2 protein chains.
Amino acid sequence: MTLMKSGANPLFLRDEELRQGIEMLFFAYRDFTAEPDAILAERGLGRAHHRVIYFVGRYPGMTVSDLLSILKITKQSLSRVLSQLVREGYIHQDQGVEDRRQRLLRLTDKGAQLEKELTENQRQRIERAFRDAGAEAVDGFRKVMLGIVNAAEDRDRFDAAIRKRR
Amino acid sequence: MTLMKSGANPLFLRDEELRQGIEMLFFAYRDFTAEPDAILAERGLGRAHHRVIYFVGRYPGMTVSDLLSILKITKQSLSRVLSQLVREGYIHQDQGVEDRRQRLLRLTDKGAQLEKELTENQRQRIERAFRDAGAEAVDGFRKVMLGIVNAAEDRDRFDAAIRKRR
DNA sequence: GAAACTATGTCAGTTATATTGACATATATA
DNA sequence: TATATATGTCAATATAACTGACATAGTTTC
């Protein structure tokens, strides 16, 4: 941290550091979504479909409202995306067993295949970044990212070893 | 890293770790944009306007094509957003001095005020996360984020101390 | 058992952000 | 002079979100 743009002004340094943090999030997210978006476009799907497929693959048997609270979108928005995925055979809905109003969501084989193709890309990108940066850096990355996330509920999705720092 | 969900399968652990990375990016970005979006909505502006205001504030005197290559959108998309910002007095355009075809962009006072309000929110979020995580973790965060970003051109926006690891 | 609440779905209208393609203008460079 | 570049604009389209209103089936509570 010695070679900063402006010299020895600690206030500027702090601002520069924080702005870099902001920008890194923007650039990382932009590049992280670019390739999956291209794969999805070939099938007439968009980023919203990816998010649904991803989380249903991650938590099979999740309900529609689980999905709504993760994505933080309205049910009307989800509806169009989800019903397209069901219609086109990527996602299967089972009636809930304890509560029969619920629709338990899971990927079909077709859905799982697409999920793999999409996530593979992002997984590789993360893997390369993690490997290049080293285990210690990965710990730091996780601590910071966890601090950026709002809801304790979402932070709880991540592992206990990180959570205990709070 | 001792308490993982599944026990002692190292392959599972790796997959779990990578998926956490993917999800952290999603959740962090989702929460990072939520509050500025709300402020913008009051003025009839959206996230796209924020990005323009942010980068023009960051690099005063940048050209339209600089902005296009950072945002990676088409000029037609930028056009509507940028001309609204000019029309409503957030951004001022000067004719380029060396090349008079260029429009050099800078924030007006009104624009700078909005930029401050919007960025303040994100800056505070990052600041809190950085402070809670500690300096070492911040280094790790930056290393990993830099690894996720594609273009060397964009990586070069960040500081030399990190860049030299490559 | 009726009333209230919950999970989900759907209709209709609207907004923001992006796209592609075509063309125009001013300026710079070979 | 010819060509390339920086910018702007018109038109049509797509996607992903929103709000509001209403419907249905199933669960819970009084």
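From the N terminus on, the elements of chain A run α-α-α-α-β-β-α-α-α-α, which is to say that chain A has eight helices and two strands, where helices (H or I, at least four residues) and strands (E, at least two) are DSSP runs, numbered from the N terminus. I should say early on that this is a predicted model, in which local features need pLDDT of at least 70 and side-chain atom pairs count only at pLDDT 80 or more, while totals for chains, interfaces and linings use all residues. Residues are numbered from 1 along each chain as its sequence is written, chains are lettered from A and ligands numbered from 1 in the order in which they are written, and side-chain values use heavy atoms, with hydrogens and water left out.

Staying with chain A, 48% of its 166 residues count as buried, and buried here means under 20% relative accessible area, with exposed over 50% and partly exposed in between, for a 1.4 Å probe and protein chains only. Taking a contact as heavy atoms within 4.5 Å, 45% of the contacts in chain A between residues at least 6 apart in sequence join residues at least 24 apart.

Now to the two chains together. The contact takes 68 residues from chain B and 68 residues from chain A, and the two chains bury about 7,000 Å² between them, 64% of it on carbon and sulfur atoms. That buried area is the accessible area (1.4 Å probe) that two parts lose on being put together, summed over both. Arg19(B), Ile22(B) and Met24(B) supply 10% of the area that chain B buries against chain A, more than any other three residues.

Next, the rings. Rings of Phe, Tyr and Trp (its six-membered ring) pair if their centres lie within 6.5 Å, and planes under 30 degrees apart count as stacked, over 60 as edge-to-face and the rest as tilted. By this rule there are 12 aromatic pairs over all chains. One of them is edge-to-face, between Tyr54(A) and Phe55(A), at 5.1 Å centre to centre and 90° between the planes; Tyr54(A) is buried at a relative accessible area of 4%, and Phe55(A) is buried at 2%. Another pair, Phe141(A) with Phe141(B), is stacked, with 6.4 Å centre to centre and 15° between the planes. Which elements hold these two rings? Phe141(A) lies in helix H6 (residues 135–148) of chain A and Phe141(B) in helix H6 (residues 135–148) of chain B, so the pair joins two chains. Phe141(A) is buried, at 0% relative accessibility, and Phe141(B) is likewise buried at 0%. Ring pairs also link Phe26(A), Phe27(A), Tyr54(B) and Phe55(B) into a cluster.

Let me follow H6 of chain B a little further. Its 14 residues should span 20 Å at 1.5 Å a residue, and its end C-alpha atoms are 20 Å apart, which agrees; the expected span is 1.5 Å times one less than the number of residues. Of those 14 residues 10 are buried, so H6(B) is largely enclosed by the rest of the structure, and among the buried ones are Val138(B), Phe141(B), Arg142(B) and Met145(B).

Finally, a charge over a ring, which requires NZ of Lys or CZ of Arg within 6 Å of the ring centre and within 35 degrees of the ring normal. Lys110(A) lies over the face of Tyr90(A), at 4.5 Å from the ring centre, and in chain B the charged end of Lys110(B) sits over the ring of Tyr90(B), 4.5 Å from its centre.
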